[in-house]
Amino acid sequence: MEYPIQELFYKQQQKSIELRSTNCKDRIIKLKLILNWILKNRSLIQNALSKDLGKSAEESDITEIYMVISEIRYAIEHLEIWMHPKIVSAPLTLIGSSSYIYNEPKGVCLIIAPWNYPFSLIACPLISAIAAGNTAILMPSELTPHVAILIEKMISELFDPSEVSVLNGGVDLKTKLLALPFNHIYFTGSTSIGKIVMTAAAQNLASVTLELGGKSPVIVSECANIPDAARKIVWSKFINVGQTCIAPDYILVHEKVKDKLVEALIYQIKRMYDENHLGIHTSKSYGRIVNEKHFDRLIGLLDEAKIKGAKVVFGGNHDRNSKFIEPIILCDLPDCKLLEEEIFGPVLPILTFNKVEDVVFKLNKNPKPLSMYVFSKSKKFSENILLNTSAGGVCINDCLVHYSHPELPFGGVNGSGIGKAHGQFGFEEFSNKKAVLKQ
Ligand code: NAD
């Protein structure tokens, strides 16, 4: 049954009180419902992702469906331990008392998602919200309508709207929802909209998780394993056509190995997307830009860089009708917008450095990134960067894979985000740590 927004919110408030005392078994039943629905409807999810983003079935399996399945399985396995009150010892002044930390559900939660991983970025926070005993209103991105409708179908088949509900709509509807006194708001999207969400949350003093974006750098040292680095950079940059929040945004490579790296990157792009020499546009593994607006934004950034003197060393073919942009590698970049805003597309600028101190200085001058990747065989080099800079997460000699580790917190810092997701960190994000002292 559908309710008007105010009534839906009121019903969820009522339900959230009922859910407070649910036990681990009650919550696991709900998680299993979602798991079984996904396993049964895998091809529907693949089709919707293919229609909205041109993703191949394999890519959808790896980056969306598998991510959600493993998040659910991990939560089912660990929920009992997460929910158990933590006993804390008493200080001398309170000897004789016993103290506990309870993870209580926050209450009514709002989850707003972006379009780039439109299924997993609504489902994963939902898993954490349900595991923590909350109700939730889900708002998918309006830019991926097939997935949005599918999420609505899934939730309406599994839950009463008083517990979990989907509201599909654009900015106007989201603005209306943000005015309601949610207990927690979990937003994934751009830094600029994150500020709007946090401002709205402040009116009701709702707690927030902001999973935002930014420019995630890759640093390649003189002694890095170049073929290995190139393979990992190409895979992580061009999966989903660069439309990944933690995709490498730009490379900072030691000037002595720049040419070797460029050669290795080109080799890997051809190997991954043009093995039969028919052109990358024919590759089934290479997706498309989400819409014309983002296509025009990317071509605009590219044109400005080229006019100012950036050199295209690979790729650059594009076709607005099919929203296809070939992977592009750029060198000799002047000051331009490509080096200021998050690229979020298949354009890979390469900058050089001479001394590690210059890298540290440059990284500390920029906003703190969501992720940072360091390729080096020198522990001293990696540690220098790790300890002297800040980022939401770091991979050494790899890219992206920290996202899939269930025991690592995922999230940004300041401009790239507030709060952490995944596994126990996600559960705690949707929980209030209640201090209890028994005398
Ligand atoms: P976006 O900020 O434009 O939109 C995100 C969501 O906010 C959408 O559902 C949109 O409808 C909604 N929205 C837009 N304007 C709003 C407003 N004024 N009030 C309330 N809601 C509003 O982001 P996007 O273009 O969908 O996604 C790309 C961005 O998301 C990139 O910056 C990327 O780095 C980031 N991202 C971050 C993560 C992460 O986990 N940190 C994951 C994926 C994407």
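Contact here means heavy atoms within 4.5 Å. Keep in mind that this is a predicted model.

**Exercise 1.** Work out what surrounds Lys 237 and which side chain of opposite charge is nearest.

*Solution.* Start with the location: Lys 237 sits in helix α9, residues 226–238. Next, list the contacts, skipping residues up to four places away in sequence: among them are Gly 242, Ala 247, Pro 248, Asp 249 and Ile 343. Now look for a partner. The nearest side chain of opposite charge belongs to Asp 249, at 5.3 Å. A salt bridge needs nitrogen and oxygen within 4 Å, and Lys 237, though buried, has none.

**Exercise 2.** Take the salt bridge between Glu 163 and Lys 30 and find where its two ends lie.

*Solution.* Check the distance: the closest N and O atoms are 2.7 Å apart. Then place the ends: Glu 163 is in the loop between α6 and β5, while Lys 30 belongs to helix α2, and 133 residues separate them. Finally, check burial: both Glu 163 and Lys 30 are buried.

**Exercise 3.** Which parts does the pair Glu 142 and Lys 174 tie together?

*Solution.* Their side chains meet in a salt bridge at 3.1 Å, N to O. Glu 142 lies in the loop between β4 and α6 and Lys 174 in helix α7, so the bridge ties together parts 32 residues apart in sequence. As for accessibility, Glu 142 is partly exposed at 38%, whereas Lys 174 is buried at 10%.

**Exercise 4.** Find how Lys 153 and Glu 157 are placed in helix α6.

*Solution.* They are 4 residues apart, about one turn of the helix, and their side chains form a salt bridge at 2.8 Å, N to O. Lys 153 is partly exposed at 35%, and Glu 157 is partly exposed at 46%.

Conventions:
Residues are numbered from 1 along each chain as its sequence is written. This is a predicted model: local features need pLDDT of at least 70, side-chain atom pairs count only at pLDDT 80 or more; totals for chains, interfaces and linings use all residues. Side-chain values use heavy atoms; hydrogens and water are left out. Buried means under 20% relative accessible area, exposed over 50%, partly exposed in between (1.4 Å probe, protein chains only). Lys and Arg count as positive and Asp and Glu as negative; His and the chain ends are not counted.
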